[in-house]
Each structure stands twice: as C-alpha cells, then as structure tokens.
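Trainee: I would like to learn how the words used for a structure follow from its numbers. Could we go through one together, term by term?

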Amino acid sequence: MTFITTPFMRSFVGFDQLFNELENTATIKDSTYPAYNIEKIGDENYLITMAVSGFSEKDIHIELLNGVLTIEGNIKEKNEGGNFLHRGIATRAFNKKFRIADNVKVTNATLLDGLLNVSLHREIPEAEIPKKIPINLVQKTINKKAS
C-alpha cells in the first residue's frame, strides 16, 4: 500500500499513472546528442526537428508505441579507408524518446539536408471541444391595470 505524503499529491485522486510518469521522467538522464528542436505550429501541430548529419533514411528507425515516440539512429560502420586527421562529425548511435499525448498522431517524417523532421498533429476529440452556450434574453412584460 502506498501512502501519499505530500500535500500536492493528496489533492489529486486517480492520477497515479501521472505521478508515476513524473517520477520516472525525473530520474532519466537525457543525452544532448543529437540536438533537436520541438516547435509548436498553430494550435494543433508540432514539429520535432533533429540534427542527424551523416545518417540516411535507412539508418534511422522511428516508432510510436504506447504513447512513446522513439527515434533511433545507428550507422553500420563504413570502411571509408580514409586517414582522418580529425573526425568531428558524430555518427554514433542514438536513441531519443518523446512522451506523446494520446490524441497526438505522427503525420509525416522527412529527412532533408541532415535534418530529420517529424510532424505531429493533435486531434481534439469532439467531447473536449468547448461548446458555446447562447444566452436567451427574457423579456419582461408589464401588465397595466385599467383604472
């Protein structure tokens, strides 16, 4: 049996998964490689842009499973036969995970000029769209008594 000890957590009932997710996320040490941006485009669209110079589309694997978008990159060692004096272009394997809301769908992924773009769209369920309630004006009528 788990006892909730903080006043903040005691205010929420039925959000056990949320607090477990927050606890799990707090313990993850995130790598900065490869660099990426997350951009909000309008109200329902998002774009994840990841710098993957040196990777081709066959080296990158994208998967969405149980609300986790996983982007993995792995280049099979190329025997280039070169004699490098300096090797600064990183081609090491990477694994990035993004937590995606249930109503967000991946719509497209493109690779151009060393940038991987993953487009996301949030589909708002009909039940969550605010409904405007019209206000009806009630007219008062005054009855005049005949004198």
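The conversation below takes up strands and sheets, then aromatic rings, then one arginine.

Mentor: Please keep in mind that this is a predicted model, in which local features need pLDDT of at least 70, side-chain atom pairs count only at pLDDT 80 or more, and totals for chains, interfaces and linings use all residues. Residues are numbered from 1 along each chain as its sequence is written, and side-chain values use heavy atoms, with hydrogens and water left out.

Trainee: What makes β3 and β4 a pair of strands?

Mentor: Strands are DSSP runs of E with at least two residues, helices are runs of H or I with at least four, and both are numbered from the N terminus. Two strands pair if DSSP finds at least two bridges between them. Strand β3 covers residues 60-65 and strand β4 residues 68-73, and six bridges hold them in the antiparallel sense, so the requirement of at least two is met. One of these bridges has Leu65 with Val68 of β4 as its partner. The hairpin of β3 and β4 leaves two residues between the strands, and there Asn66 takes a positive phi near 50 degrees.

Trainee: Which strands are the edges of the sheet that contains β4, and how do you know that they are edges?

Mentor: The sheet is open and has three strands in the order β3-β4-β5, with antiparallel pairing. The edge strands are β3 and β5 (94-99), since each pairs on one side only. Neighbouring strands here are turned by 15 degrees against each other on average, direction ignored; the axes behind such an angle are lines fitted to C-alpha atoms, for helices over the stretch in contact, and angles run from 0 to 180 degrees between N-to-C directions. β4 is joined to β5 by six antiparallel bridges, and Val68 has Arg99 as its bridge partner in β5.

Trainee: What is the strand order in the sheet that holds β1?

Mentor: That sheet is open as well, with four strands in the order β1-β2-β7-β6 and antiparallel pairing. Its edge strands are β1 and β6 (104-112), each of which pairs on one side only, and the twist averages 20 degrees from one strand to the next. Strand β1 (residues 36-41) is joined to strand β2 (residues 45-51) by six bridges, β2 pairs with strand β7 (residues 115-122) over seven, and β6 pairs with β7 over eight. β1 and β2 form a hairpin with three residues between them, where Gly42 in the turn has a positive phi of about 75 degrees.

Trainee: Why is the pair of Tyr33 and Phe94 called edge-to-face?

Mentor: Rings of Phe, Tyr and Trp (its six-membered ring) pair if their centres lie within 6.5 Å, and planes under 30 degrees apart count as stacked, over 60 as edge-to-face and the rest as tilted. By this rule there are three aromatic pairs. In the pair of Tyr33 and Phe94 the ring centres are 6.2 Å apart and the planes stand at 85 degrees, so the pair is edge-to-face. Tyr33 lies in the loop between α2 (16-27) and β1, whereas Phe94 is in strand β5, so the pair ties together parts that are 61 residues apart in sequence.

Trainee: Are these residues buried or exposed, taking Tyr33 and Phe94?

Mentor: Buried means under 20% relative accessible area, exposed over 50%, and partly exposed in between (1.4 Å probe, protein chains only). Tyr33, at 16%, is therefore buried, and Phe94, at 6%, is buried too. Tyr33, Phe55 and Phe94 form one aromatic cluster.

Trainee: What makes us say that the charge of Arg92 sits over the ring of Tyr33?

Mentor: The rule asks that NZ of Lys or CZ of Arg be within 6 Å of the ring centre and within 35 degrees of the ring normal. The charged end of Arg92 sits over the ring of Tyr33, 3.9 Å from its centre.

Trainee: Finally, what does Arg122 touch?

Mentor: Arg122 is found in strand β7 and, with a relative accessible area of 25%, is partly exposed. Contact means heavy atoms within 4.5 Å, and, leaving out residues up to four places away in sequence, Arg122 touches Asp43, Glu44, Tyr46, Asn103 and Val104.

Trainee: How do you know that the side chain of Arg122 makes a polar contact with Asp43?

Mentor: A polar contact is a pair of N or O atoms within 3.5 Å; within protein, one must be able to donate a hydrogen and the other to accept it, and residues adjacent in sequence count only if both atoms are side-chain atoms. The side chain of Arg122 reaches the backbone oxygen of Asp43 at 2.9 Å, so the distance satisfies the limit of 3.5 Å.
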